[in-house]
Amino acid sequence: MAASPPSGALGRRVLCGTEYATVRYVGCVPPTAGIWLGVEWDNPQRGKHDGTYEGTQYFKCNENKIKFPSTSTSVSGVFSKLRILALNQTEVTWTEVLLCAPGWPALEELYLTSNNIAVLERPDNVLQTLKLLDLSDNQLLDGNQLHLIAHLPRLEQLILRNTGISSIHFPDAGFGCKTKMFPALKRLAINDNKISQWSSINELDKLPSLRSLQCHNNPFMDTEKNPETLRQLIIAKISQLEVLNKSEILPAERKGAELDYRKIFGNDWLAAGGNWNPEKNKPSEEFLAAHPRYPSLCLKYGAPEEGELKGQQPLTLKNQLLTLTIKCPEKPEQKPVEKKLPESMTVQRVKGLLYRLLKIPGSELKLSYESSKLEGKEVELDNDLKPLQFYSIENGDCVLVRW
């Protein structure tokens with residue numbers, strides 16, 4: 001019973017415990033008092049009657065769960081122009097989808113969230129026009145299930161939020177090579193899963209068309225507490241990525257991330273058999289498995305120089321944080337912002353942060369700072385590869401941004 005049912009309650013979906021239903025009636029049920037909601041349960045075994053009470057029919061049950069054929073049916077022209085289909089929370093199985101798919105020859109977007117789909121099958125000669133597939137909130141058995149849908153030729157967006165996958169692997173491609181799987185995939189969402197190893201992020205670099213990734217709330221992200229460092233690592237590991245967690249990756253940020261990655265793991269590269277002499281440069285299989293992009297970064301920027309690696313601090317060592325005020329002196333509409341930055345952060349990475357923080361278009365940034373101890377003196381941050389500590393920046397100083 002509801003004393004005051006919400007506006008438009010009729011036809012709305014409701015959840016009671018773990019079971020779903022649809023509101024079919026809102027009103028009085030004499031001789032009882034108050035306003036009542038009559039619901040039709042998805043589970044036909046649930047409920048006490050069929051919408052009739054004390055001899056009065058208040059609503060009829062035609063059931064919510066879609067009835068799908070158990071065998072392949074002849075193709076009908078009824079849905080020949082269907083482009084978008086949402087079958088969320090209908091208890092449809094992947095097998096039933098494939099049985100009906102011949103009747104959707106032009107389908108481009110298919111939404112199948114919350115259907116308890118655990119097992120996939122390879123779509124043979126169906127769903128070939130599909131551009132978007134949403135399998136969120138289905139607990140897939142493992143990441144290998146993805147291989148069964150990996151050859152949909154036009155699939156550009158795959159949404160796999162909360163699907164229980166713990167790893168991603170493309171076994172057909174080696175280090176630094178591209179997979180033949182998901183040839184058109186541009187946008188991938190793997191939020192809220194159980195991915196714990198960085199090796200799965202390395203694998204994503206094998207996708208030839210990937211441009212956008214969402215990966216929040218996975219255990220691998222707990223290995224690095226600094227969110228900026230975490231973002232830089234993902235950017236450096238996936239070469240063609242343009243958007244990460246809905247935030248654009250500008251060229252300056254990518255360059256800074258790749259240069260830092262090359263330097264941070266330089267000593268590991270040397271210890272694993274890396275060498276400045278190309279004839280002696282033979283890093284181990286273990287190193288290449290952990291850092292498959294490292295050779296290409298050395299080709300792009302050159303191998304890290306010996307001077308860069310001296311005294312290089314381990315990635316996990318927490319550097320001292322500086323509390324700085326960020327100001328845009330030529331843009332009075334931009335309010336000053338206070339940020340805490342590691343003193344080891346390079347000017348290049350600071351610029352990448354500011355592009356996103358201040359929502360600056362693709363202009364060339366010019367940075368300088370004013371010391372809190374020397375009023376009126378402005379020092380230019382003129383070397384992108386130098387850390388903040390190189391310029392003797394201290395707590396309370398003000399970074400000035402111009403473009």
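## A five-stranded sheet, two cores and a few unusual backbone spots

Five strands form an open sheet with mixed pairing, in the order β15-β14-β18-β16-β17. Two strands pair if DSSP finds at least two bridges between them. Helices (H or I, at least four residues) and strands (E, at least two) are DSSP runs, numbered from the N terminus. The edges of the sheet are β15 (337-342) and β17 (378-380), each of which pairs on one side only. On average, neighbouring strands are turned by 35 degrees against each other, direction ignored.

A word on the ground rules: this is a predicted model, in which local features need pLDDT of at least 70 and side-chain atom pairs count only at pLDDT 80 or more, while totals for chains, interfaces and linings use all residues. Residues are numbered from 1 along each chain as its sequence is written, and side-chain values use heavy atoms, with hydrogens and water left out.

Back to the sheet. Strands β14 (residues 321-327) and β18 (residues 398-402) run parallel and are joined by three bridges. I326 has V399 in β18 as its bridge partner. Helix α9 packs on this sheet, where it touches β14, β15, β16 (366-370) and β18, and its direction makes about 145 degrees with that of β15. Contact here means heavy atoms within 4.5 Å.

Helix α9 (residues 347-357) also meets helix α4 (residues 251-264): their axes come within 8 Å and cross at roughly 145 degrees. Axes are lines fitted to C-alpha atoms, for helices over the stretch in contact, and angles run from 0 to 180 degrees between N-to-C directions. The crossing of α4 and α9 is left-handed, a term for a near helix turned anticlockwise from the far one by less than a right angle. On the α4 side are A252, E253, K255, G256 and D260, which meet Q348, R349, G352, Y355 and R356 of α9. This contact has two nonpolar, three polar and five charged residues; Ala, Val, Leu, Ile, Met, Phe, Trp, Tyr, Cys and Pro count as nonpolar, Asp, Glu, Lys and Arg as charged, and the others, Gly among them, as polar.

Now for the interior. The largest nonpolar core has 64 residues, and L127 and F182 have the most contacts inside it. Such a core is a set of buried Ala, Val, Leu, Ile, Met, Phe, Trp, Tyr and Cys residues joined through side-chain atoms within 4.5 Å. Its largest share, five residues, comes from α3. Leaving aside neighbours within four places in sequence, F182 is in contact with several residues, including L146, I149, F170 and P208. A second, separate core of 24 residues includes L341, M345, Y355 and L381.

The backbone has some curiosities too. P30 and P31 are joined by a cis peptide bond, with omega about 5 degrees, and P31 lies in the loop between β2 (19-27) and β3 (36-41). S114 has a positive phi of about 55 degrees although it is not a glycine, and the value for D192, also not a glycine, is about 55 degrees.

Finally, here are three partly exposed residues. Buried means under 20% relative accessible area, exposed over 50%, and partly exposed in between (1.4 Å probe, protein chains only).

| Residue | Place | Relative accessible area |
|---|---|---|
| S114 | loop between β7 (109-111) and β8 (132-134) | 26% |
| D192 | loop between β10 (187-189) and α2 | 36% |
| A289 | helix α6 | 37% |

A289 touches F175 and N202, not counting residues up to four places away in sequence.
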